[in-house]
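Hi,

Here is the structure I promised to send over. Have a look at it first, and then read my notes below.

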Amino acid sequence: MTVSLGEHPLQQLVLKIHSRCDLACDHCYVYEHADKSWKTRPVVIGQDTASRTAARFATYAREHDLADVTVILHGGEPLLAGPARLRAICDEFSQAFAGVSRLKLKIHTNAVQLSRRHLDVFREYDVAVSVSLDGDQAANDRHRLDRRYRSSYHRVLRAIDLLRTEEYRHLFGGLLCTVDVANDPVAVHDALTALSPPRIDYLLPHSTWDTPPPRGSSGSATAYAEWLLAVFDRWTEQGRTVRVRTFDSVLSTLRGGPSLTEAMGLAPSDLAVVETDGSFEQVDSLKTAYDGAPATGYHVDEHTFEQVARHPGVQARQRGLLGLSRTCQECPVVQSCGGGLYAHRYSSEREFDNPSVFCEDLRALVDGIAERITDRSLSPAVLDPEALRFARQELDRTLLAYANQRLAGHPDWDETWPALLRLDADRSTAEHLNRVLSHPYLRAALRSAEAARITAARFARVAVAAAVHAHAPLRLAWEQWDREMHLPTLGTLTLPAPGRVEAVVSARGLDVHTADGTRLAVRDQLTDFWRPLSVLKVAAAEPLLIDDADPRRAVYPAPVTDPLTPDELAAFRERLRAAYELRAERGPAAEDDRNALRVDAVTPLVAGAGVRLATDGLGGLGVAVDFEPDLFVRELPRLGRRARLAALRATTDLHVLGNQAGRLLTEVVDALGDVAYRGRGTPEGMRALARAGRTLAALAELPDRDLTESGEVLAAELRAEWDAIAGRP
């Protein structure tokens, strides 16, 4: 059995609980666009339909072992269902998911009807409330009038004021604003931030190539980018005190992180929709494409979420880069843009095989943000391996500080964070905290947006692991949500059952106390409940940590193995020992070699997988259980180059983010690595050398502003290396 990345399960459900609305917004995709299916559906979802949906989704979550699921109550206007119906639905889903997955309930509303009766229900079931508001009154009233053509603005503001009171403030999910380029962007942003929302989502108006968006009086092809960049500048001027999902997503993807919104980025869709009549639909925005576009032909009475997940339309939105048009696939900003929202690609001529109708806007937005955030100064990391290592540690701390901003207020996190700060403040323990924070699979967790309870538990275990390494006293408690309690860099403790645990680090070692009174003494040796990780001391190198148990270790372009048996582990250790001895025989690596591969953890991969870097290239090395030592030694210089480039990219701006200079630098590094791997005297090595030369020439032809000072230094280093190999003076 192996652990692999697998398919992308559905984790979000949009549940339509009311199919009518008390506003008459002229930009609404439900009532004002191509799809008219709302006319034939029940006004309110039936309790039997809600119950069947909850049961179906809970069964799917159990079968896929989903830790978290999200249910978004939607419409029409969902508040029209009334507090009693809302409570019954929330209760139905809460009971269905009890003991299965952590359920996150949300509601998207225009808030015109929002009252204490609604909010008391939402407080009981911890329902996050997101409110649609398009800015100040002038901006909002362009589109968001009620059915008697009256302003909705002051009614919405009264509702938001109620939502912001102390008893309900924790339910405030944020504001949803549809962009209209006729509105003043700064005035809109200031009006929204004045309401102190935890987040703002700026949404492009739903449009297709058949029904393109209005472009204002200027008619500019990038009118929406210009509008959003004006907001970005204002947001930056204000200190970015409010999270803006579109901007956060672009900033994340430009730095190699994940997309944070379905509207941009290549992350696979994980969402299904159930209408008031129980019909399964695809993503709701498809209503803007053509009549019947979201339909699947499936119904909760007859079909499962598993069948919905395998529907061709749902699968089409999970194909990432391969699901985009050729134009998008060849675009340098595709990792950030992701081809835009799926519905916005539609045309009657080519269906969804198009770039977004906002293509020029998205390109200009990503380029504009990239230009604004690019640091053009020379970084010491490009010159000195130790400076690069320090920069990586600083990045880890920045990500950890960002996690603290997101998680502050969660009780377990509020205990863990001070413990981490104490470990970091003492020089005798800080180096051990650095050691644990540098673990590559922990870095992968920092870059993902896990649920608060999971992140809090993970970093409680980080603090414990650092304290154990430092022999520093620590007492810390948290909710452990599964039996396998993995301590990064140390090993895995198997608990009698999930639940509340308390870890005590003392001079004797680590003791873990469980809720039922069990005490587990964790020492170096293997026991029935404790499996330590293996460390291999190799010639002329740092000891190698063999990590075959971390739950986040599946970050390689090949499947990882299950934890190895003692015999398998012994055989794997001997192969690694032989490989490093062979490496030492062929000559010691120079201490100042910038391209030397520095490995924080080695993880066994399935047979035949070869030697692979972790997907982010930072510290993780995956090695097939049947690897050949000679191949391992030959691969290290090539992988070292790639890992260094990945580390530089994570910590340093080498070029304006998102432009083609990034691709060219990758191609040069790969080509020179192939020369080292193949041998410069072989035909394959000579072809790789020629490829490197052509790419260096293309790099030299780029405009001067495309590379930063750090990028220019790296390019000059690569050119000098090519000259030396090619025998150029």
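How many bridges join strand β3 to strand β4, and do they run parallel or antiparallel? Six bridges link β3 (residues 68-74) with β4 (residues 102-109), and the two strands run parallel. If you want one pair to click on, Ile 72 has Lys 106 in β4 as its bridge partner. Before you go further, keep in mind that this is a predicted model.

Now the whole sheet. That pair belongs to an open sheet of 10 strands, in the order β8-β7-β6-β5-β4-β3-β2-β9-β10-β11, with mixed pairing. The edges are β8 (243-244) and β11 (295-299); each has a single partner strand, so one side of each has no neighbour in the sheet. As a reminder, strands of a sheet pair through backbone hydrogen bonds, either parallel or antiparallel.

You can see both kinds of pairing around β9 (residues 271-274). On one side, four bridges join β9 to β2 (residues 12-16), and these two run parallel. Gln 12 is the residue standing opposite Leu 271 there. With β10 (residues 279-281), β9 has two bridges, and this pair runs antiparallel. Val 273 finds its bridge partner in Glu 281 of β10. The hairpin of β9 and β10 has four residues between the strands, and Gly 278 takes a positive phi near 90° in it.

Which way do the side chains of β9 point? Leu 271 and Val 273 go one way, Ala 272 and Val 274 go the other, and all of them are buried. In a regular strand, side chains alternate between the two faces of the sheet.

Towards the β8 end of the sheet, take a look at helix α6 (residues 185-193). It lies across β6 (172-178), β7 (199-203) and β8, and runs at about 150° to β7.

Last, the cavities. The structure holds five of 30 Å³ or more, and the largest has about 200 Å³ of space. Its lining is made up of 18 residues, with Leu 388, Arg 392, Ala 596, Arg 598 and Arg 644 nearest the centre. Two elements, α14 (385-407) and α20 (629-651), give two or more residues to that lining. By class, the lining has nine nonpolar, three polar and six charged residues.

That's what I have on this one. Shout if anything is unclear.

Cheers

Conventions
Residues numbered from 1 in each chain as written. Predicted model: local features only at pLDDT ≥ 70, side-chain atom pairs only at ≥ 80, totals over all residues. Heavy atoms only, no water. 1 Å grid on protein atoms, 1.4 Å probe; cavity = no way out; pocket = protein on both sides within 12 Å on 5 of 7 lines; lining within 4 Å. Points joined across faces, edges and corners; volume = space filled by probe spheres on them. Nonpolar A, V, L, I, M, F, W, Y, C, P; charged D, E, K, R; others polar. Buried < 20%, exposed > 50% of the residue type's maximum accessible area, 1.4 Å probe, protein only. Pairing = 2+ DSSP bridges. Contact = heavy atoms within 4.5 Å. Axes fitted to C-alpha atoms, helices over the stretch in contact; angles between N-to-C directions.
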